[in-house]
Amino acid sequence: MSSRRDSEASSIQDRQARRRAPSSANRNANLFPPQSPSYTHSQARTNSALASQRKNSHASQRRPSQYSLYPPANPTPTKPLPPLPPLPGLSSLSSIARNSRRASSQGSFDGSIDSSVETSRFSQSSRATSHLDRVSSSTSPTAPSPPHLPPPPVPGEHPPRSRPQHDALSVQLRPWKSLASDDKLSKAQKDQTVYFFDISTTSATLASKHGNNLIKVWSVGDGTIQNAIKISCYTTAQARSREYFVRSHAIISEPSTLIAIATSFGDTLEIWDWAKKKKLQTIDHADRWAAVRSNVYESAYSPLVSYRGDNDTIDLYTATHSKKPFKKTRTIELRKAGLPLLPKYPELAFSATGPLLITASGPRPPRLGHPPPERETLLVAWEIHADDGVASNTPYKFVTPWQHSELDTALPSGLATYGSVAVSIWIPAGYRAIPVPAARGGQGFNLAPVAVPYRYVLVWDFSASSTRTFRIPNAISCISPDCRFIVYCDSRGTDVGARGSLVLLDAMNGKRLWVWPDPDAGAMQSGPQAGFELLDNLSHITELAFSADGQFLFVGTGEGDIGIYEVREAGLGDKMQVRPVGGI
């Protein structure tokens, strides 16, 4: 197990053990085992044709892309899209903001760079610089890709929305409400810190993790707790980082009150009925996992996926109405996928607009005596149709963004995908492998600490085979599920009098859209403001998460407080009436 531990320098050896590993009261979650020997591409089919060699990245494609974040409108829409209907009987934050509209446009992922602020420095982006493998079932040349059409809507999911032009997009955050609990279970909990959020598709239900072993399920509209579940967890909860990759929980069916929770050492997935406080199913060896952001019973494809590290497989599950809610229906064997390298412990995310699963993986942490990792970053898109009768291990597409040297030692800590775009956040290692000087023998490598002031946002448009990065401070951060926004909370310096900053960015280009506190505010305006008391001390912020439609931001603190802020686009303020559900 020692070779699978993921930490930096001597703390590598404190890495969390698996549930069946030799027991330890608190090891780090989600280990990295020894990397298997590298292997070469295997030909997926005898009639496959290799496209022309290109410089820096690789991709594979089984057929012309039908997934597009910005599908061309025909004719061009001239008015905003209609509001999304709320589910019957449920109060939804989205329905509260039903007068809010996304500005309509025909914008495309054109590679423009619009960033003049310090945190939005772009590295060189790549466009059409990939080695593209087209896997075809016929011997005829690959036909030109048809126009990008939006995929058919999936029940329970939001349809694709048009994206505003970057230069016209401006955003404000408005306080909406706060949540607090005084139940007996909360009072008995010593650690009230909020470590993880998951919000239902309707935004009517929130699940929050407090401390090490308490999950609270809230009715957002009236601010009450539906139930609280105590779990067995043998790792010390943290914000997601290089040292902690556990995805705590996910609401998987709001109507059926089902929630998936990671327990034990973070590698056991339990399915609970939160209304009955009853555990229904246990899935072992779930080293990484993800669920669709909709009702799993309405999904047109496999809504739950888990990665097993000891045999390098990805298991897909279908929801059933039997005693155990999930049944394994397909296994992807990564060793047989024909990839340029074997992905280890990848981050997983379902697309909100089609039957696609995205995986993102990085290199092993630097190890004493071993050369530094290089060319080990990999993102893969998999098609996951439920009943297509295909048990293929061949991916839909993949990319190796090796031209972005800032990602050489980085691991993904967040991933979202919408349409043809996948957005991920990467954290570099805090140690580097340095060759031993000749004066000391000149053999092997030592580990030297390095400062990690930045995380990096990687944007992959797999319809255009392009990648780009921009940097943000190494701080708590998250991506909106619709890939519109990045938010981070930079509390550096708050211990010596600095205020820090909470910043909302455009996820496509890193442009600042909103900053707290307002850098242009005068002395009279820089004091406490009504509704923003939760942001007075940013060092207390421990968790950030967007609602499924990106219209609300949830903020958690070390004291257990939860604030909800409306993400309001400029020009719509006069038309939007925001009032709490239930009169709170």
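I began at Thr-494, whose side chain reaches the backbone oxygen of Ser-491 at 2.8 Å; I counted a polar contact as a pair of N or O atoms within 3.5 Å, where within protein one atom must be able to donate a hydrogen and the other to accept it, and where residues adjacent in sequence count only if both atoms are side-chain atoms. I note that this is a predicted model, in which local features need pLDDT of at least 70 and side-chain atom pairs count only at pLDDT 80 or more, while totals for chains, interfaces and linings use all residues. Residues are numbered from 1 along each chain as its sequence is written, and side-chain values use heavy atoms, with hydrogens and water left out.

**Loop between S29 and S30**

I placed Thr-494 in the loop between strand S29 (485-490) and strand S30 (501-506), taking strands as DSSP runs of E with at least two residues, numbered from the N terminus. Leaving aside residues up to four places away in sequence, I found Thr-494 touching Arg-499, Gly-500 and Ser-539, with contact meaning heavy atoms within 4.5 Å. Arg-499 lies in the loop between S29 and S30 as well, and its C-alpha atom is separated by 7.1 Å from that of Leu-538, 39 residues apart along the chain. Is Arg-499 buried or exposed? I entered Arg-499 as partly exposed because its relative accessibility is 33%; buried means under 20% relative accessible area, exposed over 50%, and partly exposed in between, with a 1.4 Å probe and protein chains only.

**Strands S15, S16 and S17**

I turned next to strand S16 (residues 313-319), where six of the seven residues are buried. S16 runs antiparallel to strand S15 (residues 304-308), to which five bridges join it; two strands pair if DSSP finds at least two bridges between them. The two form a hairpin with four residues between them, and Asp-312 in the turn has a positive phi of about 55°. S16 is also joined by seven bridges to strand S17 (residues 326-333), again antiparallel, and a hairpin of six residues makes that connection.

Which residue of S16 is the bridge partner of Tyr-307? I found Ile-314 there, and Ile-314 in turn has Ile-332 as its bridge partner in S17. For Tyr-317, I wrote down Lys-328 as the bridge partner in S17.

**Sheet S6-S7-S8-S9**

I then followed an open sheet of four strands, in the order S6-S7-S8-S9 and with antiparallel pairing. Its edge strands are S6 (194-199) and S9 (224-230), each of which pairs on one side only. Strand S8 (residues 214-219) and S9 pair over six bridges, and Trp-218 has Ile-225 as its bridge partner in S9.

**Cavities**

How many cavities of 30 Å³ or more does the structure hold? I recorded six, a cavity being a set of points, on a 1 Å grid over the protein atoms alone, where a 1.4 Å probe fits but cannot get out, with lining residues having an atom within 4 Å of a point. The largest cavity holds about 910 Å³ of space, a volume being the space filled by probe spheres set on the points. Its lining counts 44 residues, and Arg-247, Arg-293, Leu-415, Ile-479 and Pro-481 lie nearest its centre. Among the strands that each supply at least two residues of this lining are S6, strand S10 (249-253) and strand S28 (476-479). Strand S22 gives the most, with six residues.

Methods. 1 Å grid on protein atoms, 1.4 Å probe; cavity = no way out; pocket = protein on both sides within 12 Å on 5 of 7 lines; lining within 4 Å.
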